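Open the model in your viewer and keep the sequence panel beside it. The tour below goes from one selection to the next and says what is found at each stop.

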Amino acid sequence: MQESKFLVFGNGKDKPPTGFMFEKQQMHGLYFNQSSSKDVALAMVSMRPTPLGPMMEALSLSPEKYGIGRRFYIQTLDDHVLSPDIQEKLVRENPPEGVFKIKGSDHCPFFSKPQSLHKILLEIAQIPSQTHS
């Protein structure tokens, strides 16, 4: 991994890597495979390296830290970062209150299918909260 051209050494080459960033062509294929070229160009200007720290640390969840807020999952069916199988596994292992699917969406539905995403978000906002006693 040290030799990877995707690694970012924010603290210097002699220190552990701080993040990673794919090349533009790879990002296009992974994140934006269904998005318009105009949106991809805009996204590329905004992309920053993904920090490695949070991915390398052990995650400890508790009801106090997690599980209080309502959770919904929007599955992106043409996602090249998280395949539908992986997304379904995530849902099975950590069931949300509801699952919505967007056909023809890549990893970034706000670019590839903004109207579909908007419709789903409005639908979620109108779902009554279930109070637990």
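Start with strand β2, residues 19-20, which is joined to β3 by 2 bridges, the two strands running antiparallel. Keep in mind throughout that this is a predicted model. Within this pairing, select F20 and T50: T50 in β3 is the bridge partner of F20.

Now widen the selection to the sheet. It is an open sheet of 3 strands in the order β1-β2-β3, with antiparallel pairing. Its edge strands are β1 (7-8) and β3 (50-51), each of which pairs on one side only. Strands of a sheet pair through backbone hydrogen bonds, in either a parallel or an antiparallel manner.

Next, select residues 72-76 and 98-102. These are strands β4 and β5, which run parallel and are joined by 5 bridges. At residue level, T76 stands opposite I102 of β5. Add helix α4, residues 84-93, to the selection: β4, α4 and β5 together make a right-handed β-α-β unit.

Stay in β4 and pick Q75, which has its place in that strand. Is Q75 buried or exposed? Q75 has a relative accessible area of 2%, and because the cut-off for buried is under 20%, Q75 counts as buried. Show its surroundings: leaving out residues up to four places away in sequence, Q75 touches P84, Q87, E88, F100, K101 and I102.

Move to helix α6, residues 114-125, and select I124 there. This residue is buried too, at 14% relative accessible area. Which residues does I124 touch, not counting those up to four places away in sequence? They are F72, I74 and F100. For a distance check, draw a line from the C-alpha atom of I124 to that of G10: the two atoms are separated by 39 Å, and the residues are 114 apart along the chain.

Then go to Q26, in helix α1 (residues 24-31). Q26 is partly exposed, with a relative accessible area of 32%. Measure from its C-alpha to that of C108: the two residues are 82 apart in sequence and 14 Å apart in space.

The next stops concern charge. Side chains of opposite charge can pair when their charged atoms come close. How many salt bridges does a search of the whole structure find? The search finds 2.

- Select R70 and E97. They form a salt bridge in which the closest N and O atoms are 2.5 Å apart. R70 is in the loop between α3 and β4, and E97 is in the loop between α4 and β5, so this pair ties together parts that lie 27 residues apart in sequence. R70 is partly exposed at 37% relative accessible area, and E97 is partly exposed at 35%.
- Select K89 and E93. Here the closest N and O atoms of the salt bridge are 3.2 Å apart. Both residues lie in helix α4, 4 residues apart, about one turn of the helix. K89 counts as partly exposed at 41% relative accessibility, whereas E93 counts as exposed at 56%.

For the last stop, turn on the surface and select L59, L61 and Y66. These residues make a nonpolar surface patch of about 330 Å². One of them, L61, lies in the loop between α3 (53-56) and β4.

Notes: Residues numbered from 1 in each chain as written. Predicted model: local features only at pLDDT ≥ 70, side-chain atom pairs only at ≥ 80, totals over all residues. Heavy atoms only, no water. Pairing = 2+ DSSP bridges. Right-handed = clockwise from strand over helix to strand, strands pointing away. Patch = residues over 30% accessible without salt bridge, like charges linked within 9 Å, V, L, I, M, F, W, Y side chains within 5 Å. Areas by Shrake-Rupley, 256 points an atom, 1.4 Å probe, with all protein chains shown as cover. Salt bridge = Lys/Arg side-chain N within 4 Å of Asp/Glu carboxyl O. Buried < 20%, exposed > 50% of the residue type's maximum accessible area, 1.4 Å probe, protein only. Contact = heavy atoms within 4.5 Å.
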